[in-house]
Structure formats: C-alpha cells, structure tokens
Amino acid sequence: MMQFAPPPCPPSSPLFKAFHRGANPSVGVLPDFNPSRPDTLDPEDLDNQPAPGGQRVRTLFISDLHLGTPGCQAEALLAFLKAYPSERLYLLGDIIDGWQLRRRWYWPQSHNDVVQKILKRARKGCKVVFIPGNHDEFARHFTDHHFGGVEVLSEAVHTTLEGKRLWLIHGDHFDGVIQYAKWLAYLGDNLYELTLRLNTHFNSLRAKMGLPYWSLSQYLKHKVKSAVSYVNQFEEAVAAEARQRGHDGVVCGHIHRAEMRTIDGTLYCNDGDWVESLSALVEHTDGRLEVLHWSGQSSRVEAPTSEVQA
C-alpha cells in the first residue's frame, strides 16, 4: 500500500501544532471526570452552552469533514458543534483530506477554526478520539498516541448508556476499490471534486432563485444502480463484520451516506459527511441514537424507534 507523509502545514497552523507537538502519549491528556476529585472537569463545563436550537448530548460521531478542500462545509460544522456540545466526540476518519492537500494547498481560516474548536473541546475535558480514514491515512502512523488531548486509534468500541457495544471504524477497509485498485480511487476522487465544484456553482444559482441546497453527487449516487448496489454491499459487509466480532452495532463513515438501520440483528450507523449531507450521529443523554442533518438551523431526522435504542 502506498504510504503518505503528513501534508505540508504552515508552522503557525493548529494542524501543524497538533501533529508536531511531540510523540509523548501523555501530552495533553486530561483525566476522566470524577465528582470526588476537584482537579477533574465536570461534563457540565465541557464547552460553552448549546447555541439556540441545540442541546448537550452524551456522544457525538462525525466523519468525512475533508478539511483542506473547497467542498468542506466548515462554517456549517462550526455552527453544529456549537449547538451540540458533548461529553465524547468521535472523529471517524477523513477529517483532513491529505490527498487533496498534497496536490494543492487549501486551508482557509474556517478550517483552522474547526481544528481549534476540536482541540478546545479536548482541553475542556471532552473525550476526543480520532480514527483516521483513507484520506488522512498519514495519521495512522500516530495510532495509540495523544496530540493536544486527542487520542488517535485505528478503531475503537463505544459502550452506550444502555450497555450496547458499538464498533467504531472509518470503513475504507471494506471498500474494494481502496484496497485493490487505489489508482481508481484517486481518479474517482478527482471526478468527485469536479462534481462538487459544479454543484457549488449550481447551488449559487439556486440560492439567487430562493431555492434550497441540492446535492448533485448525492442525486447521482441514489440514481445510478451500480452505486446503490455498492452502498448496500458496503453496509451489509460492515454490519456482518461487527456481528462476527461480537458487537451489537457499528458506526462508520467513508461512503458519505448518513444511515441508521438494523441489518440481520446488527445496528448499522453511518454518520454521513460534512461535504454534502451535513450530518452526524448523536447519542442523547437518555441513550437514544439519532442521525441529525444540519441546514443552517437544526433539522432533525429520526430513524424508526426500534432502531434508535442502542
């Protein structure tokens, strides 16, 4: 497999500081909250209060931010993070798009702000876990280390309030194109970027006409039969592996399609992305799981009741 060095970063950027602060696993680590110990942080003081329309949640799962690309909806993500402070934050891969950054440097202030927001959460006591994906696979060299309080792992298991075990991965290992024809993945990535650029111009016209955002790439994915078949096979394969490992469910990203459903008795959750669907998976303080879609204001989409309890 082709190896990637970390993308070039200006020394002043938080991205540079987070990954070059040193390889000492103890750097930036904060203790878990303990009510009997005043030196630990109460979850009620993890971050500023939720923005209007939001709420504090137990756990937040996000992936596929693709920081470093024009398609990243960083401003929307910042608004969402402000609206939904959490006790735990899982970053399930493709947070930074190393593929694009190696071809062309793109890092506006809003992308800096996202990194700063995540690091701030870690400093204030939120448990932040980063599981690298294929686009930020350079970070896989740093697994089992902490950077600025962010723990880097190859995979993880989250136990919900109800005691259910959810396997946390990015999901690219279940993508045959990534594993066996990486050149095709690079070609697809370039075509995907072109589609997003066309989509940006198209939606600028729609906005001037007073029409809501519409995703061309999402439309094509749902209409092209082979793409629908690929997504279904991916979901079934990931759920089957989670079941084989003895987990109650799985949470992943990678395919940019938010979803929550039960597959042969195993809960499959995909938290979507912050390029097109602007979605995340949350675990509420009562243990309920829900897929949220953000559109400037919180627009919540709930899965059937039988599938949201984990």
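**Close-up 1. Strands 7 and 8 run side by side in parallel.** In this predicted model, strand 7 covers residues 165-168 and strand 8 covers residues 249-252. Three bridges join the two. Look for Leu166 here: Gly249 of strand 8 stands opposite Leu166. Leu166 will come back in the view of the cores, where it is listed among the members of the second one.

**Close-up 2. Five strands make up an open sheet.** Stepping back from the pair, you can follow the strands in the order 6-7-8-10-9, with mixed pairing. Which strands lie at the edges? They are strand 6 (156-159) and strand 9 (259-263), each of which pairs on one side only. From one strand to the next, the twist averages 20°.

**Close-up 3. Glu283 sits in strand 11 and meets His158.** Strand 11 spans residues 279-283. Is Glu283 buried or exposed? Glu283 counts as buried because its relative accessibility is 0%. The side chains of Glu283 and His158 are joined by a polar contact of 2.8 Å. Leaving aside residues up to four places away in sequence, Glu283 also touches Val57, Arg58, Thr59, Thr160, Leu161, Arg288 and Leu289.

**Close-up 4. The largest nonpolar core holds 40 residues.** Ile62 and Trp274 are good places to start, as these two touch the most other members. Many elements take part: strand 1 (57-62), helix 2 (74-83), strand 2 (86-91), helix 4 (109-123), strand 3 (127-130), strand 5 (150-152), strand 11 and strand 12 (289-294) each supply at least two residues. Which helix gives the most to this core? That is helix 2, with seven residues. A second core, separate from this one, has 16 residues, including Leu92, Leu153, Leu166 and Met260. As a general background, nonpolar side chains in soluble globular proteins tend to be buried together.

**Close-up 5. Helix 4 is 15 residues long.** From its first C-alpha to its last, helix 4 reaches 21 Å, close to the 21 Å expected at 1.5 Å a residue. Along helix 4, the buried residues include the polar or charged Ser110, His111, Asn112, Lys117 and Arg121. Val114, Val115, Ile118, Leu119 and Ala122 are buried in helix 4 too. Just after the helix, keep an eye on Gly125, which takes a positive phi of about 110°.

Terms used. Residues numbered from 1 in each chain as written. Predicted model: local features only at pLDDT ≥ 70, side-chain atom pairs only at ≥ 80, totals over all residues. Heavy atoms only, no water. Pairing = 2+ DSSP bridges. Helix = DSSP H or I, 4+ residues; strand = E, 2+ residues; numbered from the N terminus. Axes fitted to C-alpha atoms, helices over the stretch in contact; angles between N-to-C directions. Buried < 20%, exposed > 50% of the residue type's maximum accessible area, 1.4 Å probe, protein only. Polar contact = N/O pair within 3.5 Å; in protein donor to acceptor, adjacent residues only side chain to side chain. Contact = heavy atoms within 4.5 Å. Core = buried A, V, L, I, M, F, W, Y, C linked by side-chain atoms within 4.5 Å. Expected span 1.5 Å × (residues − 1).
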